[in-house]
Amino acid sequence: MNAPSGALKKKGRPFVSSNLWVPLLLIVLACAAIAYYGYEVVDTLERSVAANARAQGQATAHEISAFIGREQERLQAFVAEKDEGIRKILSFPDDWPAIDALQGSLRRMFRGALAFSITGPDGEPLFEDFEGLVGPVCQASMREYAQSMGRQPEGVAIPPIHPVPGAYHFDLISPWQLDAGDSGLFFVSMSPGRIAEIIDAAERASGNRIFLVNSADPALIEVSAAGARDVLGEDIRLDADDMVPGYFSADLPGTGWRLLVLPDGEALAAAVDKVYINVAALILALLVISAALLLVIRRFEQRNSSLFMRSLQSSVSRQRAILQSMVDGMVTIDARGRILNVNNAVTRLFGYEQKELVGSNVRMLMPDPDRSAHDGYLRNYLETGKSKILGSGREVMARRKDGSLFPVLLTLGESVEGDERIFVGILHDMSAYNDAQRKIVAQSLAIERSNQELEEISQIASKDLQLPLQRITMLGATLESEFASSLSGSEKARLRLLAEDARNMSEVVKGLVDYTRVKPEPTEQQVDLDRVLREVQEDLATVIADTGARLSVGPLGMVSGNRKQLRQVFWNLVENAVKFRDPTRVPEIDVSLATDSDLPADADPDQVTVLVRDNGMGIPEDQLEPIFEAFHRLHPRDAYPGAGLGLSFCRKIVERMGGHIWAESRPGEGSTFRVTLPRALPG
């Protein structure tokens, strides 16, 4: 066929081929997932820090409030217990032993107690153990508290603490009853050291910074883990930068303080940075690995593409060589009937050069009327899509360059290449086939005439030869009986020999006639071999009984064949087994199906093998094949009568049914005849 000159050209490929877009998209999604995971981790960290600050703040606020509440309850109990000593001091303000005793008891009772003061119902100090301890703020608080008790003597909430600016202490207040029945106040100034210890323990446990700040001025630190403002120096105010995200604040009821919990911003920032660094490193590693994999895939694609192109070029070359070496011609045409390609067989068949055909209309290879009608056929198919020969074979006449015609088998096919429709025709020269067909027909006629002549000969042998032979036999018997007294012994022997030869010749003629009359009969019948063997056993019942033979028949099943002819086959085999028995032992004949162990590995599963075994005299190894020839005998006729055609009949019948028959034997041990027959068709 014609082909474009040069090798197939490789088109430029983009760096990222279409089959890599999905992996790239997966890589982008993986990077986005990692980034989102990092964002979620950071958000979880921030929420965890905020939750930790809240939990720690609530716990610390509860602990400080509980501490103040306990101290308040202890103060009330102390006032009740020391009521007599308090009254004694109020009665005798200069009784320093009593004052020292009360101070000692108070400081033993309250760690961090600085001083105490006793007021009247109006909140004015009646006694102070430290001159000037009660400043204006304390006096104002005590007056307000005393007045509220005057209005509501019962159920008045006692303010547990109130910070005093510049004094760096907080106060515990407990009411007590004066002699006149009025309520006064017992006022204790406490150091905030105990509260600082609580804050310090909370900071150690949580890692957060915790402060008590002024409620009115939240930037002003009142108490920290280091202590009150008296130990903080200049660091008593918080900056805006100190208020890191996630901080917690809550007012302490009954105080002028607010609890503020600030997470460790540097630790949080370091943790967040570590998460982002890990995420960036993971994304970078993923990108590097992905880039390496994509590069490897790209290299493999390029290598495979190169191998594919070389393989394709090799395949095209092989196909071109195959098409050019085809015995049959191949023509490719377009939708207008123009020849696109032809192979060498076309040039050989039609006598044209390839350049004379390519580009010409294909009708130049056709004789009339196909030459004139071809374009119309093609146009009709393109318009209707109907064709009588497309996709099938059809014998047509073709026209050579010299004008001679020859028959070809034309097979048409169609393919679509882009927008173009291509038609391919395969042309097989039928000249030799048609000549062979004519010879086969002539030979069939000759065989048929030969069979007719053979039939005529068998009829002649049956009618014209049997009668003289019968007359010779009868004449010999008549002469021997009527002239017995006048014939000598040698003459009588000759008459008997003549009669015997005539009888033998009659059997031969009868066997020959029977052999020629074995004709192919329908074999597509379901034959029950078990029934066939029962009929054979009934036919030979007398012979079997006279010889004492034992015949056993196993289940044989169904085969495909001709029942009448199969009966003849097994009749001959069983009759031979009885006839050629070993006189020294009782004849035993077994008919059964061959088992898997009896069959060769390549046995045809569609065939059934029947075994006919006997314990007769056996057959020499060199006679196992000749015994199936017509008229072949192993023993003299006078010892074992017969025409020598039985096994020949069996082979002819079995082979015409598509089976085989052969023998296996050892002299003196018996013989086995194997008969393979087509298995019965299902249904």
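I started with Arg336 and found it exposed, at a relative accessible area of 56%. Worth jotting down early: this is a predicted model.

Next I looked up the partner of Arg336. Arg336 forms a salt bridge with Asp334, with the closest N and O atoms 3.7 Å apart. Is Asp334 buried or exposed? Asp334 turns out to be buried, at a relative accessible area of 1%.

Then I moved to Arg613. Its salt bridge is with Asp598, and the closest N and O atoms there are 3.8 Å apart. Arg613 sits in strand β19 (residues 607–614) and Asp598 in the loop between β18 (588–593) and β19, so this pair ties together parts that are 15 residues apart in sequence. I checked exposure for both: Arg613 is partly exposed at 29% relative accessible area, and Asp598 also counts as partly exposed, at 24%.

Third pair: Arg651 and Glu625. Their side chains meet in a salt bridge at 2.5 Å, N to O. Which parts does this one tie together? Arg651 belongs to helix α16 (residues 646–656) and Glu625 to the loop between β19 and α16, so the pair links parts 26 residues apart in sequence. Arg651 is buried, with a relative accessible area of 17%, whereas Glu625 is partly exposed at 45%.

I also looked for salt bridges that join up. Arg531, Glu535, Asp539, Arg563 and Arg567 are linked in a network of them.

Last, the tally. How many salt bridges does the structure hold? I noted 24.

How values were computed:
Residues numbered from 1 in each chain as written. Predicted model: local features only at pLDDT ≥ 70, side-chain atom pairs only at ≥ 80, totals over all residues. Heavy atoms only, no water. Salt bridge = Lys/Arg side-chain N within 4 Å of Asp/Glu carboxyl O. Buried < 20%, exposed > 50% of the residue type's maximum accessible area, 1.4 Å probe, protein only. Helix = DSSP H or I, 4+ residues; strand = E, 2+ residues; numbered from the N terminus.
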